[in-house]
Amino acid sequence: MKKWLRNWRLVSLVSAMALLLAGCGKPFLSTLQPAGEVADMQYKLMLLSTAIMVIVIAVVTIIFLYVVTRFRRRKGEENKIPKQVEGSHTLEIIWTVIPIILLIILAVPTVLYTFKLADVKPMNKKERDVVVVNVRANLYWWEFEYPDYGIITSQDLVVPTNERVYFNLKASDVKHSFWIPAVGGKMDTNTDNTNQFFLTFDDKRAEEAGRLFYGKCAELCGPSHALMDFKVKALPRAEFDQWVEKMKNAKPVAATDPVVKRGEEIFNKSCIGCHAVTPVDGRPEQARLAPNLADFADRSRIAGILEHNEENLKAWLKDPEKIKPGNKMTGTYPALSDEELEALTKYLMTLSVE
C-alpha cells in the first residue's frame with residue numbers, strides 16, 4: 001500500500017472521530033450548550049470567530065484551486081510566463097482592506113461584551129439587592145461564603161436562577177481558576193488580589209441539566225488539579241430563599257443513636273479543629289483550614305468527585321491521599337479502625353439542613 005494512501009486513511013479516520021466527538025457534550029458541563037446570559041454572549045463570539053475562519057479558509061481554498069487549475073503547466077507551454085501582477089494597487093488594497101474589515105467585525109462585539117461582562121457595580125453598592133458570593137479556592141476544595149446572609153458552605157455552590165449572581169474570587173494558597181463551563185468563562189483566583197465578575201443561570205436550561213452544573217479548576221495547581229471539582233445547584237429564587245433560611249437556622253442535632261454519638265465524639269476529637277459543622281463560622285477567612293460540613297449529607301459528591309454514599313466516604317476517610325494526592329487532609333489525624341470509620345461515617349451523614 002502506498003504511503004500517501006495510508007496517511008490519507010489516517011487523516012480521514014481522525015477527522016471523522018473529531019467530527020463525531022465534537023457533537024458530544026452534556027448540558028451540565030458543555031460550553032457548547034450555554035445555560036446563561038454570560039455563556040450566551042461568549043457562545044455567540046465563538047460562532048462569529050468560527051464563521052470568519054471558515055469563510056477565510058473557504059475563500060483561500062477556492063482561490064488556490066482556481067490558480068492551480070487556471071495556471072497549471074500545459075503541454076507545449078512549458079516556457080510561457082503568465083501575466084505578472086506584481087505591484088497591483090488593486091490587489092494590495094483588497095488584501096489589506098478585507099482583513100481590517102474582518103477584524104472590525106470581530107472586535108466590535110468582543111469589546112462591547114468585554115465591557116458589559118466587566119460591569120460589577122451592583123455588587124459594590126453600600127446597599128445592594130443582588131446575591132454576592134465570596135469564592136475561596138484551596139488545595140483542592142472550594143469555599144463559598146454568602147456575606148449578606150452570614151452563610152458559609154463548601155464544594156456545592158447554591159445560586160438562584162434568572163438573575164445575576166456576583167462573585168469575589170480569591171485563592172488561599174496558589175493560583176487557581178474558577179470555571180463553570182456551561183454558564184460562563186473562567187477567571188483566575190489569586191492570592192494577592194480579588195477578581196470580580198458575574199454569572200447568570202437560566203432557569204429553563206438549569207432544569208434541563210437537572211439543576212446541577214459542574215465546576216472545575218482551570219489552572220494547573222498541583223497533583224490533584226484535575227480532581228478539584230465543585231457542583232452548582234441552580235434553584236428558582238423561592239427555593240433558593242428557602243435554602244438560605246434552612247442554612248441560617250441550621251444547628252447540629254444531638255445524637256441519640258450510640259453509633260452516631262460515638263462518631264460525633266471522634267469528630268470532636270480529631271476533626272473539629274479544621275472543619276466546622278455550622279454554616280456560620282466565626283473564624284476569620286484565612287483560618288478556615290478545611291471545608292464547612294454543615295450540609296454535608298445534602299451534597300452531591302464526596303471530596304467533589306466521588307458519588308455520595310457511605311462506602312465512598314469511608315474510602316475517603318481511610319486514605320484521602322489515594323483519592324486526591326497532595327491534599328492537606330492527609331496525615332492530619334490518626335488512622336481509624338473499621339469501627340471508628342463506621343461511626344464517623346454515620347455521624348457525617350446526619351449533617352443535613354434539608
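## Helix packing and annotated spans

Helices H7 and H9 are oblique to each other. This is a predicted model, and that pair of helices is a good place to start looking around.

**H7 against H9.** The axes of H7 (residues 310–318) and H9 (residues 338–348) come within 10 Å and cross at roughly 120°. Because angles of 65 to 115 degrees count as roughly perpendicular and those over 145 as roughly antiparallel, a value of roughly 120° is classed as oblique. The crossing of H7 and H9 is right-handed. On the H7 side, the residues in contact are Glu310, Leu313, Lys314, Leu317 and Lys318, and they meet Leu341, Glu342, Leu344, Thr345, Lys346 and Leu348 in H9. Sorted by class, this contact has five nonpolar, one polar and five charged residues.

**H6 against H9.** What angle do the axes of H6 and H9 make where they cross? For H6 (residues 258–270) and H9 the angle is roughly 95°, and the axes come within 7 Å. That angle falls between 65 and 115 degrees, so H6 and H9 are roughly perpendicular to each other. From H6, the contact takes in Val259, Val260, Arg262, Gly263, Glu264, Ile266 and Phe267; from H9 come Glu340, Glu342, Ala343, Leu344, Lys346, Tyr347 and Leu348. Here the residues divide into eight nonpolar, one polar and five charged.

**A loop residue, Ile305.** Ile305 sits in the loop between strand S11 (301–302) and strand S12 (306–307). Is Ile305 buried, partly exposed or exposed? With a relative accessibility of 26%, Ile305 counts as partly exposed, since the buried class ends at 20% and the exposed class begins over 50%. Leaving aside residues up to four places away in sequence, Ile305 touches Leu227, Asp229, Ile323 and Lys324. Another way to place Ile305 is by Lys233: the two are 72 residues apart in sequence, and their C-alpha atoms are 15 Å apart in space.

**Spans from the record.** The unreviewed UniProt entry lists "domain: Cytochrome oxidase subunit II copper A binding" for residues 128–246. Its annotation "transmembrane region" covers residues 45–69 and 90–115. Here is how those spans look in the model.

| Span | Helix | Strand | Distance between end C-alpha atoms |
|---|---|---|---|
| Residues 45–69 | 100% | 0% | 36 Å |
| Residues 90–115 | 100% | 0% | 37 Å |
| Residues 128–246 | 13% | 51% | 22 Å |

Residues 45–69 are thus 100% helix in the model, and residues 90–115 are also 100% helix. By contrast, residues 128–246 are 51% strand and 13% helix.

Technical notes:
Residues numbered from 1 in each chain as written. Predicted model: local features only at pLDDT ≥ 70, side-chain atom pairs only at ≥ 80, totals over all residues. Heavy atoms only, no water. UniProt positions renumbered as here; feature names shortened; annotations may be inferred. Helix = DSSP H or I, 4+ residues; strand = E, 2+ residues; numbered from the N terminus. Axes fitted to C-alpha atoms, helices over the stretch in contact; angles between N-to-C directions. Parallel < 35°, antiparallel > 145°, perpendicular 65-115°, else oblique. Left-handed = near helix turned anticlockwise from the far one by under 90°. Contact = heavy atoms within 4.5 Å. Nonpolar A, V, L, I, M, F, W, Y, C, P; charged D, E, K, R; others polar. Buried < 20%, exposed > 50% of the residue type's maximum accessible area, 1.4 Å probe, protein only.
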